[in-house]
Amino acid sequence: MRAEQKTASLMAGPYAAFLLVFAVYPIAFALVLVFLQWDLVTAPTFAGADNIRLLVHDGRFWSAVANTFVFLSIHVPLQIITALALALALNRQLVGRSFWRAAFFLPVVISGAVVAILWSNLYATDVGLINHLLVKIGLSPVPWLTDPRTAMPAIAVMVTWKNVGFYVIIYLAGLQYIPRSCQEAIEIEGASAWQRFRYLTLPSLLPQTILVVTLSTINGFQLFIEPYVMTGGGPLRRTYSVVLYLYNNAFAYQKMGYAATIGVALALIIGIVVFAQRRLIGKAEAL
Amino acid sequence: MKLLRRIALYAGLTVAAITFIYPFLWMASSTFKPPVEVGSLALIPHDFTLDNYRTMWARAPFGRALVNSTFVATTITLAVLVFGSMTAYAMARLNFRGRPALNAATIAVLMVPGQLTLIPLYTLIVQLGWVDTYAALIVPYLFNATAILMLRQFFLQIPQSLIDSARMDGMSEPRILFTIFWPLSKPVLSIVAIFTFMGAWNEVLWPLLVVREQNLMTLPQLLTVFALGGGAGSVGVSLASAMVLVVPVVAAYAFLQRNFIESMAGSGIKG
Amino acid sequence: MPSVTFEHVTKRFGDATVIEDFDLQVADGELLVLVGGSGSGKSTILRMLAGLETVTSGRIRIDDRDVTDLAPRDRDVAMVFQDYGLYPHMTVRDNLSLGLRLRKIPRHEIDRRVAWAAGMLGLEPLLDRKPKALSGGQRQRVAMGRAMVREPKVFLFDEPLSNLDAGLRAQMRIEIGSLQDRLKTTTVYVTHDQVEAMTLGDRIVVLADGRIQQIGRPIELYRTPVNRFVAGFIGTPAMNFIEGTLAADGGRMFFSAEAARLKMRAGTAESSEPITLGIRPEDLRMDFIPQQPTHGSADFDTLTGRVVLVERLGGTSHVHFQVGPHRLMASVASDSLPEVGHDITAHVPAARVHLFGGDGRAIGRTAEIV
């Protein structure tokens, strides 16, 4: 046991030390920073509840939170629908199934920065590909990223496009778990395609749907590079995300205490939202 | 009726596939087009040019960024594989005091959103004097809790008698890990390698915080700074710089497509 | 000089004591079998001897060397595992030779030993295959070969046959037995299967709850079990038991239970505690016609009951019958069998009866029959 203990501490010890320095300490220090004012140049000063008070009354923070909810209200449902539809299509006997799967998955492996730069060009008002298509079919061009009404939805559609391949894989895995006997049973009952989907497939995929909701929600709260590259948070701050605000407070304004406070608040909001979603889905399931 | 449905299915899939692939093809072709052609939907450039690449290469240190990204992502990946499997081996197969605590801490760490620790980690890097160093880009990623949990899960399924045999044969524990467990763990190791490399290769927020010196920037960071700072000047140049980042990943993806998809699905949390 | 010695060995996992104050000596060249049910501690004892499990207190010696704190590789023992523990990514040859290579044994010596073991076990044609391409019996042989090439002081077997089907198990049992006969290497063999224990062991250690119940040659355990546990554990089919009491009557001891009264051998001591009478199925002789309508004969050496089930196994058959509340079984030749529902009489030879006291210990042993 002594020898095993020694070997184990050599093998797992570095990780334990790493966790202390790069996980436990930052979590604890985040809670300390909430009560500090610190520009990283001069010594930190105790700020009491200033940061918290500021945050509560900070219109910019809350509008960033509101923007995120706008994003989520489009992104999450759209993500579920598109991922589910593609997964159901891919779950059939298909020629070149792995090609289709690979095609949908391609954007997942591409850096978000690249996707943002690419879509800035696709969305561009005058020379953008999308407007080019619209004009071709006789519609008028839309200023996607410069109109306050369309900017956030445009970003939400883009993020959905980027991530859908990942969620298709999750749904495909879930579809494999539906027992053949159940599918045959419901077919013998004479259910229509819609009924089979409504009463067998959809309920069976509930765990995957919960996962998709949770992951896409967390992902939505992490929105950063897209507005950073595409809109800078505009127009009219409508695409300003919480992480972008946090980043600017730390990097542009050197307000570490306040940036950390935003981080803690964001973590709390994520926790509450994810918890509420699970409760809601649980209730819906019980009905 | 049945035939019609199949035709509709394939038509739908084709349209979907085009929306996923076409933008990248358009991007690739635009980098070879002169500025006047960029707005066109055509994929074959009328006047083929390499000017965008020349301009991009001349204006910002993309070669250097490619080296930086490769070095950082490779180092992180190797570390996560070697250190991660050593940790996972101990956590899965050795008895030691603190093992339950380490397990619990690993799971707890995964539940804390990254935004909470972002600023404290940044201040830590500043205080360590690591701003504008490779250490800032690498050290916080040397261990990966997701990877450790995945490896641990896999190691738990390897029969105890293999460890016992190896010990009777006179192997040390690290030797058991690297000569017995590793050959048996190729699937999970490649999954971990791919998602770690991808994550490191594509990461942009962290480098934006801890690196300001152009010569130390990773590709996605330099690309972002370059595009935002107006250094590109034209769409073609900015897309050409994006290609430096995309081409290695797509090449690897083309070869290891199945592993890529499984690794992303397997990593779960990372997305 | 004993080859393996356990002295007051105790093993605890947390608060649970798995082995308590275990003492054992294994003679040089002996094949000793540790047998017991799951949770009896038999595997833990073997793994402590191998060095795969630490000892909480006490000492373990191999020859006269104290190995208690040595790593497995330094103990000069080799082990065969239940699921073989073959390295799946290595060929049979590499599996056999790895332990020798790690010990820096010269190349020609490794080749000699591998060839020797492969020849003995019939593995030559398989040397370049991987374990996946082998049958269960072949894997078993490779695992044995891997132990043999080490030429260790002690072989350890941990339930080596339990992953094999019945036919192969019988065959491998014979192979292990004859192999050990030829090699004369001290062997400790763990199994839950008492048939394996009886056929293989020079001596058997019966374990329950981390304690030794009895140590002895197979025939001793069969004929003179020291307690009710060993009596029930050793021997197939299992011994019949009847709960009752002993009482003296006219100078002889009688065993009495509901629907049963049996005369005991002369010299049986009187006892006031509750008694369990044990009789092996093969020691019962059977008459198809009840001698008397009442239970028991005038000589008080029979039990009368009704047949409830007859299992025909071929040469012998098992006749299950009910005597009052007691369900008994007799193992009899198949040439003439009673029918279900008929009454029978079973003779209980007093010399073959085992008696156990309230604590399960054998009393008034029938030790004379050897």
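# Sheets and helices of chain C

Biologist: How many bridges join strand E1 to strand E4 of chain C?
Modeller: Strand E1 covers residues 4-13 of chain C, and strand E4 covers residues 57-62. Strands (E, at least two residues) and helices (H or I, at least four) are DSSP runs, numbered from the N terminus. E1 and E4 of chain C run antiparallel, and the number of bridges joining them is five.

Biologist: What kind of model is this?
Modeller: Residues are numbered from 1 along each chain as its sequence is written, chains are lettered from A and ligands numbered from 1 in the order in which they are written, and side-chain values use heavy atoms, without hydrogens and water. Local features need pLDDT of at least 70, side-chain atom pairs count only at pLDDT 80 or more, and totals for chains, interfaces and linings use all residues; the model is predicted.

Biologist: Which residue in E4 of chain C stands opposite C:Thr10?
Modeller: Strands of a sheet pair through backbone hydrogen bonds. Two strands count as paired if DSSP finds at least two bridges between them. Opposite C:Thr10, in E4(C), stands C:Ser57.

Biologist: Why is one side of E2 and of E5 in chain C left without a neighbour in the sheet?
Modeller: The open sheet has the order E2-E1-E4-E5 in chain C, with antiparallel pairing. Strand E2 (16-26) and strand E5 (65-66) of chain C stand at its edges, so each has a single partner strand.

Biologist: At what angle to E1(C) does helix H1 of chain C run?
Modeller: Helix H1 (residues 42-50) of chain C lies across E1, E2 and E4. Angles run from 0 to 180 degrees between N-to-C directions, with axes fitted to C-alpha atoms, for helices over the stretch in contact (heavy atoms within 4.5 Å). For H1 and E1(C), the angle is about 115°.

Biologist: Which strands are the edges of the six-stranded sheet?
Modeller: This open sheet of chain C has the order E6-E7-E8-E3-E9-E10, and its pairing is mixed. Each edge strand pairs on one side only. In chain C they are E6 (77-80) and E10 (211-216).

Biologist: Which strands of this sheet does helix H4 of chain C touch?
Modeller: H4 spans residues 136-149 of chain C and packs on the sheet. Its direction makes about 175° with that of E6(C). The strands touched are E6 and E7 of chain C.

Biologist: How do E7 and E8 of chain C run, parallel or antiparallel?
Modeller: Strand E7 has residues 154-158 and strand E8 has 186-191 in chain C. C:Phe155 stands opposite C:Thr187 in E8(C). Five bridges join E7 and E8 of chain C, and the two run parallel.
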